[in-house]
Amino acid sequence: MTTEKRTILLNPGPVTLTKGVRDAMLRGDWCHREPEFADLTRDINARLVRVYREMPKDFESVILTGSGTCAVEAMLASFAPRESATLIVANGVYGERMVKMLAAQGKPHCAVTSAWGEAIDMDAVRTALDARADITHVATVHHETTTGRLNDLSALGQLCGERGLRLMLDAVSSFGVEAIDADGWNIAALAATANKCLQGVPGISFVMARKHMWADELVPAGSVYLDLAAYYQGQHGTGFSPFTQAVQPAFALLEALRELEEIGGWEQRRSIYRHRAGRIAVTLKRLGLQTLLPPQEFSCVLWSWVLPDGDNYERVHALLKKKGFVIYAGQGGLGTHIFRIAHMGDIQNDDLERLDAALRECFAESAGAAR
Ligand SMILES: Cc1ncc(COP(=O)(O)O)c(C=O)c1O
């Protein structure tokens, strides 16, 4: 680390790194075709499936060089069928992106789309499934980062189980910190990334799927780079990947996984993020700000806050950035209405104290108006 001022990233990834993760990237110059890198790949994949206790018995992972979108697109390319349809259940940008991916892949699909911020509409899901007998797969997002909503997947997962549908999950911004009930929700495959709740660096993402999915249910991907069959064969055979892997981000991911294990796992990290969310919420609520959703509907990862009347994101962002904190704008139509604060990464108590002061300075006027 240089002596430059510490910047705290409150955007939804990449995150403020721990010193351990940052230093891990200096481990050395490795070739991705040497046995030590194959061992590292195996080690990472083994640790990834161990993040959730029930997953190692039936899930296997592959890592990809690319961002979260790369993993989601590879999952759909390699597991969404061509001969039957996939239903996408969307309530934000990332669900809607999966619709675009399947359209780009030319695969049969349909969507149940709710307004951003709304919960999954299970009645509409049932109606959509009843209307099309050729739906065999369902895809959805766990934590919709568009708003911070943590989608409750229990009813959807149960329905998939009852109807024998394969559920594919975008867990990009929940993996490593929110509960993922792989068996209870009948998850067939999920996609996630290194640089959010796992607290690694951008460059590596991964797809996990049940053993029977890898063995029997891969489809021709229609893509060279996103063809998970090749990654699976390589990484679970020789240990090598079909293409150059992001070597230094892999060092960082291994260290990030070790650090997650060291603190006691995802539940422990969830308590830490919840504590941060609660602390920030106390400050912002005292200043008269309101959350976009009821607090209990947010993930612990990110909350959306409504901009005070007459205020604008650019002002809030600029002032907080000057104080060393990077927040995130709302997407699409929410851009003028909300700002988002994520709680990931290496954030210490004194950072939270400085943030508290910065938020009080930032919203002093709206607090005055609210009184
Ligand atoms: C739920 C979800 N899915 C997918 C993505 C895309 O990830 P990336 O920007 O790493 O490609 C994001 C990014 O924030 C996300 O939050």
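**Notebook: a cis proline, a ligand shell and two odd asparagine/glutamine spots**

I started with P14, which sits in the loop between β1 (8-9) and α1 (19-24). Helices here are DSSP runs of H or I with at least four residues, strands are E runs of at least two, and both are numbered from the N terminus. I looked at the peptide bond from G13 to P14 and found it cis, with omega near -5°.

A note to self on what I'm looking at: this is a predicted model, where local features need pLDDT of at least 70 and side-chain atom pairs count only at pLDDT 80 or more, while totals for chains, interfaces and linings use all residues. Residues are numbered from 1 along each chain as its sequence is written.

Next I checked the ligand. It has 14 residues around it (C-beta atom, placed from the backbone, within 6 Å). The closest are S67, G68, T69, T145 and V172. Which helix gives the most to this shell? I found that helix α3 (residues 68-79) does, with three residues. I sorted the shell into five nonpolar, eight polar and one charged. Nonpolar means Ala, Val, Leu, Ile, Met, Phe, Trp, Tyr, Cys or Pro; charged means Asp, Glu, Lys or Arg; the others, Gly among them, are polar.

Then I went after positive phi values. N186 has one of about 55° although it is not a glycine, and I found N186 in the loop between β8 (166-170) and β9 (187-193). Q199 has a positive phi of about 70°, and it isn't a glycine either. I located Q199 in the loop between β9 and β10 (204-210).

Is N186 buried or exposed? N186 counts as buried because it has 22 C-beta neighbours inside 10 Å. The cut-offs are 20 or more other C-beta atoms within 10 Å for buried, 12 or fewer for exposed, and partly exposed in between, with C-beta atoms placed from the backbone. Q199 has 28 such neighbours, so Q199 counts as buried too.
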